[in-house]
Amino acid sequence: MTSTMETARPTGLIAIDREMARQHADALASFDSTRETAQAIAASLKKTGRLLLLGMGGSHAVGRAVEPLYRATGIDAIALPLSEQLGQPLTLDGRTVMITSQSGESAEVVRWFSETGGSPDTFGLTLEGGSFLARTAPSLVGAGGTELAFAATRSLTVSFALHLRVLATLGVDPSAALGALIAPETPSIDPALTALSTVATVVTSGRRLQGLAEALALGLTELSRRPCFSLEGGQLRHGPMEMLDPSIGVVLFKGEDSTASLVTAMAVSAVETGAPVVIFDASGEDPVAGAVTIAFMPASGLAAIFAMLPAAQRLMIAFANARVDNAGTPVRSTKITRSE
């Protein structure tokens, strides 16, 4: 008989489960409650036409994911790790700055404001209304308070909803993205989990959805303690495909956009190497032979992100739980990184 000790779910994953269970409701509440600050950010963007997205960890992955969405509205947007901006800064002149920090207390956030003093066009995005960031700059504050679990899940979804509010204020139709939050799709991840069951590590990749791929790679690494990482599709093609073989899993993200055919081509090439290939696919195209497809209704942008993210979260959690006894409990990190 299997003991309770052997079958008990790790406490770290139980904490993540709690965060995920409320992420859609908190995201919708965040979208509804932040009109005023979103209007201020949109006014700044219309004035400057340039956006610098700064963050660390999952917060930077959010910036990477929304970068192309702001560019599609005519905003010259770029996302950088906040640590990189501290060491080799882009000029802030004529830029709207959005600093994302789930806790609002990260060491880099505090140092950035102490060194620059901010600017009238600097805004925050955080889950904690009483944080240093929220006290220091006008901030979009997500509903539900601080995320307590280690790996980012709810915080990603809420952060994307806050960006959706800004994008909607800029004139982007939010209805498809809101629909994905109101009626989430729940495809099975079991075939993908089986395909990845024997791999040593995973590389994730996308084109226009590369930021989402980077968020998944970060979560996989944090939870499974394996060196999972992400490469934009073109970057994966330029040399690193040398690493692919049956021991390396490949997870691709494909939406209904002009880059879908490039993701398809990468999937075909990766399958040929013998690497297990999983595709999160909202393109509406036919599945790629030899790959495991997790299919969604055709979608692009934040609608695709909101559709895919919960399934990707479930996959990273199950992948880690199969490899680590106490998945979700950090052994070398803390939830709020207060040192550089």
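Colour the chain by pLDDT to begin: this is a predicted model, with a mean pLDDT of 93 for the protein and 94% of residues at 70 or more. Now select residues 1–6. Here pLDDT stays under 50, and the model has 1 contact beyond four places in sequence for this stretch. Where pLDDT is low, the predicted coordinates should not be read in detail, so feel free to hide that end and move on.

Next, select residues 41–177, where an unreviewed UniProt entry places the feature "domain: SIS". Within this span, 45% is helix and 18% is strand, and the C-alpha atoms at its two ends lie 20 Å apart.

Stay with that selection and pick out helix 9, residues 154–169. Its 16 residues reach 23 Å from first C-alpha to last, close to the 22 Å expected at 1.5 Å a residue. Is helix 9 mostly covered or mostly open? Show the surface to see that 15 of the 16 residues of helix 9 are buried. Just after the helix, stop at glycine 171, which has a positive phi of about 110 degrees.

Our last stop is the second largest pocket, with a volume of about 320 Å³. To find it, show Leu69, Val172, Ser300, Gly301 and Leu302 as sticks: among the 19 lining residues, these lie nearest the pocket's centre. Which helices each supply at least two residues of this lining? Select helix 5 (58–71), helix 10 (175–182) and helix 15 (301–321), and bring back helix 9 to complete the group. Of the contributors, helix 15 gives the most to the lining, with 4 residues.

Methods
Residues numbered from 1 in each chain as written. Predicted model: local features only at pLDDT ≥ 70, side-chain atom pairs only at ≥ 80, totals over all residues. Heavy atoms only, no water. pLDDT = per-residue confidence, 0-100. Contact = heavy atoms within 4.5 Å. UniProt positions renumbered as here; feature names shortened; annotations may be inferred. Expected span 1.5 Å × (residues − 1). Buried < 20%, exposed > 50% of the residue type's maximum accessible area, 1.4 Å probe, protein only. 1 Å grid on protein atoms, 1.4 Å probe; cavity = no way out; pocket = protein on both sides within 12 Å on 5 of 7 lines; lining within 4 Å. Points joined across faces, edges and corners; volume = space filled by probe spheres on them.
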